[in-house]
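Biologist: I'd like to go through the charged contacts in this one. Can you put it on screen?

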Amino acid sequence: MARQGADGGAAMEEYRAAAQRLLECVEAGDAEGAQGIIDDLTHLRETELFRELGTLTRDLHEAIKAFHYDDRLVDLTASEIPDARERLNYVITMTEQAAHRTLTAIEDCTPLAQELSDESARLAERWHAFRRRELDAAQFRQLNRELEAFLEQVQGHSQRLSQQLNEALMAQDYQDLTGQIIRRVIALVEEVEGNLVQLVRISGQRMSDEGASESGPGKEEVAAERMRRGEGPATPSDSSDDVVSGQDEVDDLLSSLGF
Amino acid sequence: MAADKKMKILVVDDFSTMRRIIKNLLRDLGYNNVVEADDGNTALPILQKGGIEFLITDWNMPGMTGLELLKHVRADANLKDLPILMVTAEAKREQIMEAAQAGVNGYIVKPFTAATLREKIDKIFERIQPGGG
């Protein structure tokens, strides 16, 4: 850690002179003189330490100042991180809703399928009895009515079943939507990581060649690039005027453009 | 006039779950001739090979985005009239206007419903077929 160069060389010279005088005093048996020289040496060493500490403090100050001027970093801490937190919370909400939507559809379907299975088994049994000529005329008429009612039930139930299957299908769109949000948060984490690495780098060495202006792309460039690449789904925190709130607003906007 | 149920449709989305959802919805609507691609870079060669009559694409994809794909298609003499429906989570007014200017035929924001998909497909084919509404 000791700094070499002109400062270091001058200090070494002082040490050498003091050491020679100390040796002379010791050889001459001058204890008082030796003590004085040792005090001088201690003082010399403390001065060195303070100078070193001063340099480090200045470096740190410069580094902090440089980061303070970096808009992107200010933006990251002030808005992007809280925004990412909000987005991740939205992911939890969306996945929870999708799971409930799917489970509700399943809970709705299960008894329908069970009813169809039970009733068809019962009627098949009756039908076989008829084929074995075990039913009298009144029982056959009864079976006829039951079969008719069953056909109606099958129609109604299967309609309901395909509706609910469709519901379960549509509920799976959460994977795409949350995936896009999580990807965006990953990109943010990577950016923060890069900035931290840079912070470590410039605090670990003197800031000489690279200035504060040399930081990532500006806020507007980042926003424009993101818009071109695609932003991902809007979250409740995005409820500003430039984001549409649903398909109706998309349709209105497009029809205002002559679509 | 409604769309031809036998037409070959290309569905482009980087999430396989969303491609499955759209494919299933299309099957429910009677369209069974569906091929898939996971971004613009894989979609373009399929389109250039010919035979695709309708393109459904996402916007936000790694590699080539849906907007870039849209622009490529419109710039290609053989493909420029291909009807394109964008199905995306991108919901900024500016983006919707940009897609419209680039020549998209329909725009659906995610999350969407089966009814919306049917309505937009019907509308697109009503407009582009002579004698249609």
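**Salt bridges and a nonpolar patch**

Modeller: Over all chains, the count comes to 22 salt bridges. Bear in mind that this is a predicted model.

Biologist: What ipTM and pTM does the predictor give the complex?

Modeller: The complex has an ipTM of 0.75 and a pTM of 0.69.

Biologist: And what is the mean pLDDT of chain B?

Modeller: For chain B the mean is 93, and 95% of its residues reach 70 or more. Where pLDDT is low, the predicted coordinates should not be read in detail.

Biologist: Back to the charges. Which side chain does A:Glu13 meet in a salt bridge?

Modeller: That of A:Arg16, at 3.6 Å from N to O. Both residues lie in helix α1 of chain A, residues 6–28. They are 3 residues apart, about one turn of the helix.

Biologist: Is A:Glu13 buried or exposed?

Modeller: Neither; A:Glu13 counts as partly exposed because its relative accessibility is 46%, between the 20% and 50% cut-offs.

Biologist: What about A:Arg132, which side chain does that one meet?

Modeller: A:Arg132 forms a salt bridge with A:Glu134, with 2.8 Å from N to O. A:Arg132 is partly exposed, with a relative accessible area of 46%. A:Glu134 is also at 46% and counts as partly exposed.

Biologist: Moving to chain B. Which residue pairs with B:Glu98?

Modeller: B:Lys71, where the closest N and O atoms are 3.7 Å apart. This pair links distant parts of the chain, with the two positions 27 residues apart in numbering. B:Glu98 is in helix α4 (residues 93–101) of chain B, and B:Lys71 is in helix α3 (residues 66–75) of that chain.

Biologist: How accessible are those two, B:Glu98 and B:Lys71?

Modeller: B:Glu98 has 26% relative accessibility, so it counts as partly exposed. B:Lys71 is at 41% and is also classed as partly exposed.

Biologist: Which residues are linked with B:Lys110 in a network of salt bridges?

Modeller: A:Asp176, B:Asp13 and B:Asp58. The network therefore has members from chain A and chain B, since each of these residues is linked into it by salt bridges.

Biologist: Enough charges. Which residues make the nonpolar surface patch?

Modeller: A:Phe50, A:Leu53 and A:Leu56 make a patch of about 310 Å².

Biologist: Where does A:Leu53 lie?

Modeller: In helix α2 of chain A, residues 31–69. A:Leu53 has a relative accessible area of 49%, so it is partly exposed. That value is over the 30% needed for a patch residue.

Conventions: Residues are numbered from 1 along each chain as its sequence is written. Chains are lettered from A and ligands numbered from 1 in the order in which they are written. This is a predicted model: local features need pLDDT of at least 70, side-chain atom pairs count only at pLDDT 80 or more; totals for chains, interfaces and linings use all residues. Side-chain values use heavy atoms; hydrogens and water are left out. pLDDT is the predictor's confidence in each residue, from 0 to 100. A salt bridge is a side-chain nitrogen of Lys or Arg within 4 Å of a carboxyl oxygen of Asp or Glu. Helices (H or I, at least four residues) and strands (E, at least two) are DSSP runs, numbered from the N terminus. Buried means under 20% relative accessible area, exposed over 50%, partly exposed in between (1.4 Å probe, protein chains only). Patches are made of residues with over 30% relative accessible area and no salt bridge: like charges are joined within 9 Å, nonpolar side chains (Val, Leu, Ile, Met, Phe, Trp, Tyr) within 5 Å. Accessible areas come from the Shrake-Rupley method with a 1.4 Å probe; for residues, only the protein chains shown count as cover.
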